[in-house]
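Okay, thanks for coming, everyone. I'll bring the model up on the screen, and then we'll walk through a few spots in it.

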Amino acid sequence: VCVYVCGCVDSDSSGSLKGGLSREHSVEVIHLDVIRTFPTLGFFQEGGPYYQPLNDVLGAYACYRPDIGYVQGMSFLAAVLLLNMDPADAFVCLANLLNRHSYLAFFRVDYTLMKPYFNTFNLLLHEKLPRLSAHFTELEFTPEYYLIE
């Protein structure tokens, strides 16, 4: 429903989102991620009180920003927001969070935009945990390998 309300469907009614993914694929990916979101809580599993609101918030965001769409991991941010506010406010907060450069860089997986964050993290790691930093440097284990997850 949200894809029609948001205007994400191409005018030819083929079911393709403006961002390129089919409506069915986006819904499927969101559904798979939602059921994996904090599974021990049970709130976001099918039949749980936040299952549908989380699907709705993520679907609405994918419609709102078809250039980004849905990216795995967004469900955890939206879930925390939903536990603290109603779905409409959770959507607004999620959109505001993800529109920040720091989040956008990682959700778009834009290495050029992510590089300054990696460098800053490396400097902080070196300052706060110099032995670990030296060990990582020796192994050539850079933040690109572990900060993205």
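Let me start with a word I'll be using a lot: "partly exposed" covers residues that are neither buried, meaning under 20% relative accessible area, nor exposed, meaning over 50%. Leucine 83 comes out at 34% relative accessibility, so it goes into that middle class. And please keep in mind that what you're looking at is a predicted model.

So, where does leucine 83 sit? You'll find it in the loop between H4 and helix H5, and H5 runs over 87-98. Leu83 has company there: with Leu41 and Phe43 it makes up a nonpolar patch on the surface. Taken together, those three residues have about 230 Å² of accessible area.

Now the salt bridges. How many does the structure hold? Four, and I'll go through some of them.

Go to aspartate 67 first. One of its partners is arginine 65, with the closest N and O atoms 2.7 Å apart. Here's what I like about that pair: arginine 65 is buried, because its relative accessible area is just 15%, whereas aspartate 67 is partly exposed at 47%. Aspartate 67 also meets the side chain of arginine 108 in a salt bridge, at 2.8 Å from N to O. Which parts of the chain does that second bridge tie together? Arginine 108 is in the loop between helix H6 (101-107) and helix H7 (111-128), and aspartate 67 is in the loop between helix H3 (51-64) and helix H4 (74-82), so the bridge ties together parts that are 41 residues apart in sequence. Arginine 108 itself is partly exposed, with 40% relative accessibility.

Another bridge runs between glutamate 144 and lysine 115, where the closest N and O atoms are 3.6 Å apart. That one also links distant parts of the chain: glutamate 144 belongs to helix H9, residues 143-146, lysine 115 belongs to helix H7, and they are 29 residues apart. Lysine 115 is partly exposed, at 32%. Back to the shared partners for a second: Arg65, Asp67 and Arg108 are joined into one network by their salt bridges.

Next, helix packing. How do H3 and H4 lie relative to each other? Their axes are 10 Å apart and the angle between them is about 125°. Angles from 65 to 115 degrees would count as roughly perpendicular and those over 145 as roughly antiparallel, so H3 and H4 are oblique to each other. As for handedness, the crossing of H3 and H4 is right-handed.

Last topic, backbone oddities. Two residues to click on here. Phenylalanine 38 isn't a glycine, and yet it has a positive phi of about 45°. Its place is in the loop between helix H2 (23-34) and H3, and with a relative accessible area of 28% it is partly exposed. Glutamate 140 is the other one: a positive phi again, about 55°, and again not a glycine. Look for glutamate 140 in the loop between helix H8 (130-139) and H9. Buried or exposed, then? Glutamate 140 is exposed, because its relative accessible area is 63%.

That's my tour. Happy to spin the model around if anybody wants another look.

Terms used:
Residues are numbered from 1 along each chain as its sequence is written. This is a predicted model: local features need pLDDT of at least 70, side-chain atom pairs count only at pLDDT 80 or more; totals for chains, interfaces and linings use all residues. Side-chain values use heavy atoms; hydrogens and water are left out. Buried means under 20% relative accessible area, exposed over 50%, partly exposed in between (1.4 Å probe, protein chains only). Helices (H or I, at least four residues) and strands (E, at least two) are DSSP runs, numbered from the N terminus. Patches are made of residues with over 30% relative accessible area and no salt bridge: like charges are joined within 9 Å, nonpolar side chains (Val, Leu, Ile, Met, Phe, Trp, Tyr) within 5 Å. Accessible areas come from the Shrake-Rupley method with a 1.4 Å probe; for residues, only the protein chains shown count as cover. Axes are lines fitted to C-alpha atoms, for helices over the stretch in contact, and angles run from 0 to 180 degrees between N-to-C directions. Angles under 35 degrees count as roughly parallel, over 145 as roughly antiparallel, 65 to 115 as roughly perpendicular and the rest as oblique. A crossing is left-handed if the near helix is turned anticlockwise from the far one by less than a right angle, and right-handed if clockwise.
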